[in-house]
Amino acid sequence: MKKIFFALVLSIFTLQNAYGLITVDITRGNLDPLPIAVSPLHVDSKSEKIPSFETSTLGEEISKIVEKNFKSTGLFNPLKKDSFVQKPDIAHLKPRFEDWRLIKAQALVTGKLLIIDKKLKVEFRLWDLTAAKEMIALSFTTTPNNWRRVAHIISDKIYERLTGETGYFDTRIAYVSETGPKNRRVKKLALMDQDGFNTKYLTLGNELVLTPRFNPTNQLVTYLSYFKNMPRVYLLDIETGVQEVVGNFPGMTFAPRFSPDGKKIIMSFAKDGNSDIYSMDLETRVVEQITKHPSIDTSPSYSPDGKYITFNSDRSGLQQIYVMRSDGTQVKRITHGSGLYGTPVWSPRGDLIAFTKVRKGRFYIGVMRSDGTGERLLTENFYQEAPSWSPNGRVLIFYRETKSDSKGKGFSAKLWSIDITGYNERRLKTETDASDPSWSSLLSN
Amino acid sequence: MKFNKAIKNLFIVLFSTLLISACSTAKKATVDTVDDVYTGTDTVEFLAKGVPDRIFFATNKSKLTTASRDTLRKQATWMRKNKDVTVTVEGHADERGTREYNLALGERRANAAKDYLMTYGVSGKRISVISYGKERPVNPASSPLAWSQNRRSVTVKAN
């Protein structure tokens, strides 16, 4: 994939003081979504024509993406455009607040764009309609092909201004694309924008691939490949497509994840029927054994400060979740509830660990504090697992499989997301069946 | 009248056949697992005459049952007789566990089989192992029977 050049020139030309302005409380779920009007961005008539690119509707398209992003949070209620009362260019200059209040909007997004010298220049504003104030005004310049990302960045800036938390729209999902019958699944590494667009396949499906995970800068993916029928952890450079095996282990390596600084990969290595956790420094290639126990130790995940590792072990007889220092000392079991626990993943905020729980034949996605207290089960189903955090630690993405009949029919694997409030469960559209999602960090920072 | 009687008899025969077959399928579903381990023969293939290729496990377990040990001893005897044969033991799990744990579990199951073959005189150099976790079910259904058939290790010829 081509390196994405994104010159983001954010110039804040007014910065309002914050008192009395609207805010969205994201801690309580979607009980009262904020009515917001997203005016189509005005397209400057001086805009250049670009071959195979529809300029005239670009402002409309960008506003649609922003609306869809807002709607997906469950926190906002984007209002229908046919009730809009002002033309986009005039509204962008100075909205008639009372007119917008009439349609029950509390916030308004306006903007304009211009394509000049093969560059897309966008500016947008967020208005508090109740206080009759501008809350944010930003402009940036990029290549026209990046127009979808423009919409995602606008969404992130507005989300951030209204909720006080960083957004998660200008992000990607790496996942495993699945096709074919259940007993002969063809699996490929795939990549898409957070909203399901721009899907790219990174492998051809010739060998089984599983569990892709991004590095912190989103340029690399580590994953398990059965290349030449030798299941090993691999590293893939998304831009160049270059793949390499991680380390020369005399047996299966699996369950890889990057350390928060991106310098190491932590994974399981299975030898003679025993899986332990190892790390490998990607620069020095030094391998370190972290757990040494005659039971299964797998699914390791670092805390965001890199000081701790949470993992999954059956050393107690059943699959449970543990936390240890990253050198392997001070191992402590943190789950004690009834049922099995797997796939612990540390939140990017550091406060919570997400997990899969299996109890009485049902599968749950849940969160708990990193000492195991405060367990909350967010969603229950026939089969679901492998949560991955949104970069702001507010949303989890995971995959869900359906039951199949005696011939294997009825089987499907889909990506789903849910807020850690337990609200706003929704399915993510993918071109094919999908599993093992990994959420990137924000692409533009 | 005679004709009628013949038809009647035929019906009785048909009906009882149906009954018997209904009984046998019902029986099969319950008898085919003992202590959560599949004991049937539906999915089993053979490495050679009288040498079954696979053994079955209880949920989340890799302990060998008496029947599994019996099968593995047959495999070991056959391998000792056929000295040029090398094998791969494939370890599998059912779909009711998390993917990564199942990969480890499949590896543990395959090694349990490998260790037993070695105990009965087969060189470890002739046996490689691979785990497929839950990725290669032999029975694609979502039912306790299918899951018991999928919790398996299969010895396959590698050369």
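Let's start with a strand pairing: β7(A) pairs with strand β30 (residues 433-439) of chain A in the antiparallel sense, over five bridges. Two strands count as paired if DSSP finds at least two bridges between them, and helices (H or I, at least four residues) and strands (E, at least two) are DSSP runs numbered from the N terminus. Keep in mind that this is a predicted model, where local features need pLDDT of at least 70, side-chain atom pairs count only at pLDDT 80 or more, and totals for chains, interfaces and linings use all residues. Residues are numbered from 1 along each chain as its sequence is written, while chains are lettered from A and ligands numbered from 1 in the order in which they are written.

**Around β7**

Within the pairing of β7(A) and β30(A), A:Val176 stands opposite A:Ser435. β7(A) also has strand β8 (residues 186-193) of chain A as an antiparallel partner, joined to it by eight bridges. There, A:Ser177 faces A:Lys188 of β8(A). The hairpin of β7(A) and β8(A) has six residues between the strands, and A:Gly180 in this hairpin takes a positive phi near 90 degrees.

How many of the eight residues of strand β7 of chain A are buried? Six are, so β7 (residues 172-179) is largely enclosed by the rest of the structure. Here, buried means that 20 or more other C-beta atoms lie within 10 Å of the residue's own, exposed means 12 or fewer, and partly exposed is in between; the C-beta atoms are placed from the backbone.

**Two domains in chain A**

Chain A is assigned domain 1 (34-163) and domain 2 (172-439), with bounds that come from an automatic or database domain assignment. The C-alpha centres of these two domains of chain A are 36 Å apart. Where they meet, six residues of domain 1 of chain A are in contact with seven of domain 2 of chain A; contact means that the C-beta atoms of two residues, placed from the backbone, lie within 7 Å. On the domain 1 side, helix α1 (residues 58-73) of chain A gives the largest share, four residues. By class, that side has one nonpolar, three polar and two charged residues. For these classes, Ala, Val, Leu, Ile, Met, Phe, Trp, Tyr, Cys and Pro count as nonpolar, Asp, Glu, Lys and Arg as charged, and the others, Gly among them, as polar.

**A four-stranded sheet**

Chain A also has an open sheet of four strands in the order β26-β27-β28-β29, with antiparallel pairing. Why do β26 and β29 of chain A each have one side without a neighbour in the sheet? β26 (384-389) and β29 (426-428) stand at the edges, each with a single partner strand, so one side of each is left without a neighbour. Strand β28 (residues 413-419) of chain A and β29(A) pair over three bridges in the antiparallel sense, and A:Leu415 stands opposite A:Leu428 in β29(A).

**Three residues to look up**

A:Ile266 sits in strand β15 of chain A. It counts as buried because it has 23 C-beta neighbours inside 10 Å. Leaving aside neighbours within four places in sequence, A:Ile266 has contacts that include A:Arg257, A:Ile277, A:Pro300 and A:Tyr302. From A:Pro33, A:Ile266 is 233 residues away in sequence and 40 Å away in space, C-alpha to C-alpha.

The other two are loop residues. Most residues other than glycine have a negative phi. A:Asn229, though, has a positive phi near 60 degrees, and A:Lys360 has one of about 50 degrees.

| Residue | Loop in chain A | Other C-beta atoms within 10 Å |
|---|---|---|
| A:Asn229 | between β11 (220-225) and β12 (232-237) | 10, exposed |
| A:Lys360 | between β23 (352-359) and β24 (362-369) | 6, exposed |

**Chain B and the contact with chain A**

Chain B has four helices and eight strands, running α-β-β-β-β-β-α-β-α-β-α-β from the N terminus on. Of the 159 residues in chain B, 43% are buried. Among contacts in chain B between residues at least 6 apart in sequence, 70% join residues at least 24 apart.

The contact between the chains takes 33 residues from chain A and 21 from chain B. Elements that give two or more residues to the chain A side include β10 (209-214), β14 (253-258), β15 (264-271) and β26 of chain A. By class, that side has twelve nonpolar, 16 polar and five charged residues.
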